[in-house]
Amino acid sequence: TSGGTYTDIGSATSATYAAPTTSAGTTYYRVKATDNDGTIISSVASVTVTSDPTISSQPSSATVAVSGSATLSVTAANGSGSYTYQWQSSSTSGGTFTDISGATSSSYSAPTSSAGTTYYQVVISDAGTSCDAITSNEASVTVTSSFAFDTNPSNVTECVGTSTTLSSSTTGANGTVSYQWQSSSTSGGTYTDIGSATSATY
């Protein structure tokens with residue numbers, strides 16, 4: 001403490017002293033100077049060591065459809081508590097990341113106007129100290145095309161007793177696709193599920 005008991009620091013016997021900074025906290029120092037007439041004591045100086053900022057919550061990857069919402073966020077801890085943020089993006093994982101203009105808060109809404117995958121990270125600096133900046137883990141945002149059939153079943157005319165297979169495929173799915181074939185006696189009629197017809201082909 002500032003007004004506490006001061007003890008000599010072994011070998012600290014010059015006009016300058018390199019205070020240790022290996023652990024966070026505040027230590028108070030003063031220096032005694034002695035000449036032939038006696039000893040004088042300096043005023044007290046404090047050395048406050050703050051820890052580097054850390055990340056307590058990393059940004060998470062997301063998969064969304066075109067025009068969906070994808071917000072990345074990060075939570076910083078330690079240091080002075082006053083942080084600056086700079087989000088960066090890259091087209092490849094582990095690639096070169098570049099700053100995103102204006103993306104300087106703890107959260108970032110990634111663009112989702114076109115399909116594809118972009119990788120993001122955020123650099124956090126301690127605005128209250130000169131401590132080292134810290135970079136978050138990468139998080140990817142994958143934007144998928146709208147869910148749609150890219151192959152529709154085709155009309156078929158067959159003879160009685162022959163085998164016919166109808167096929168379909170989809171694009172832009174978010175997750176696993178499930179199928180259910182239906183039938184009707186008329187094109188615009190009522191369609192009912194066909195039991196066990198639950199694959200992309202029938």
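Here are legends for four views of this predicted model, starting with the whole protein and then moving in on smaller details.

**View 1. The whole protein is built from strands, with 18 of them and zero helices.** The radius of gyration is 33 Å, well over the 17 Å that the globule rule gives for 202 residues, so the protein is more spread out than a compact globule. Along the principal axes, the C-alpha atoms fill a box of roughly 125 × 30 × 25 Å. Of the 202 residues, 19% count as buried. The exposed surface comes to about 13,100 Å², and 46% of that is supplied by carbon and sulfur atoms. Among the contacts with a separation of 6 or more, 49% are between residues 24 or more positions apart.

**View 2. Lys32 and Asp8 meet in a salt bridge.** A search of the whole structure finds one salt bridge, and here you can see its two side chains, with 3.5 Å from N to O. Lys32 belongs to strand β2 (residues 32-35), while Asp8 sits in the segment before β1 (25-29), so the pair ties together parts that are 24 residues apart in sequence. How covered are the two partners? Lys32 is partly exposed, at 46% relative accessibility. Asp8 is exposed, with a relative accessible area of 66%.

**View 3. Trp87, Tyr108 and Tyr120 are linked by ring pairs into a cluster.** The structure holds four aromatic pairs. One of them joins Tyr108 and Tyr120 in a tilted arrangement, with 5.7 Å centre to centre and 55° between the planes. This pair links distant parts of the chain, as Tyr108 lies in strand β11 (residues 107-109) and Tyr120 in strand β12 (residues 116-126), 12 residues apart. Are these two tyrosines buried or exposed? Tyr108 has a relative accessible area of 15% and is buried. Tyr120 counts as buried too, at 3% relative accessibility.

**View 4. Ser140 and its contacts in strand β14 and beyond are the subject here.** Take a moment to find Ser140 in strand β14, which covers residues 139-144. With a relative accessibility of 17%, Ser140 counts as buried, because the cut-off for that label is under 20%. Which residues does Ser140 touch, leaving aside its neighbours within four places in sequence? The contacts are Ser61, Ala62, Thr117, Thr118 and Tyr119.

Definitions and conventions. Residues numbered from 1 in each chain as written. Predicted model: local features only at pLDDT ≥ 70, side-chain atom pairs only at ≥ 80, totals over all residues. Heavy atoms only, no water. Helix = DSSP H or I, 4+ residues; strand = E, 2+ residues; numbered from the N terminus. Buried < 20%, exposed > 50% of the residue type's maximum accessible area, 1.4 Å probe, protein only. Contact = heavy atoms within 4.5 Å. Salt bridge = Lys/Arg side-chain N within 4 Å of Asp/Glu carboxyl O. Rg over C-alpha atoms; globule rule 2.2 N^0.38 Å. Areas by Shrake-Rupley, 256 points an atom, 1.4 Å probe, with all protein chains shown as cover. Phe/Tyr/Trp six-rings, centres within 6.5 Å; stacked < 30°, edge-to-face > 60°.
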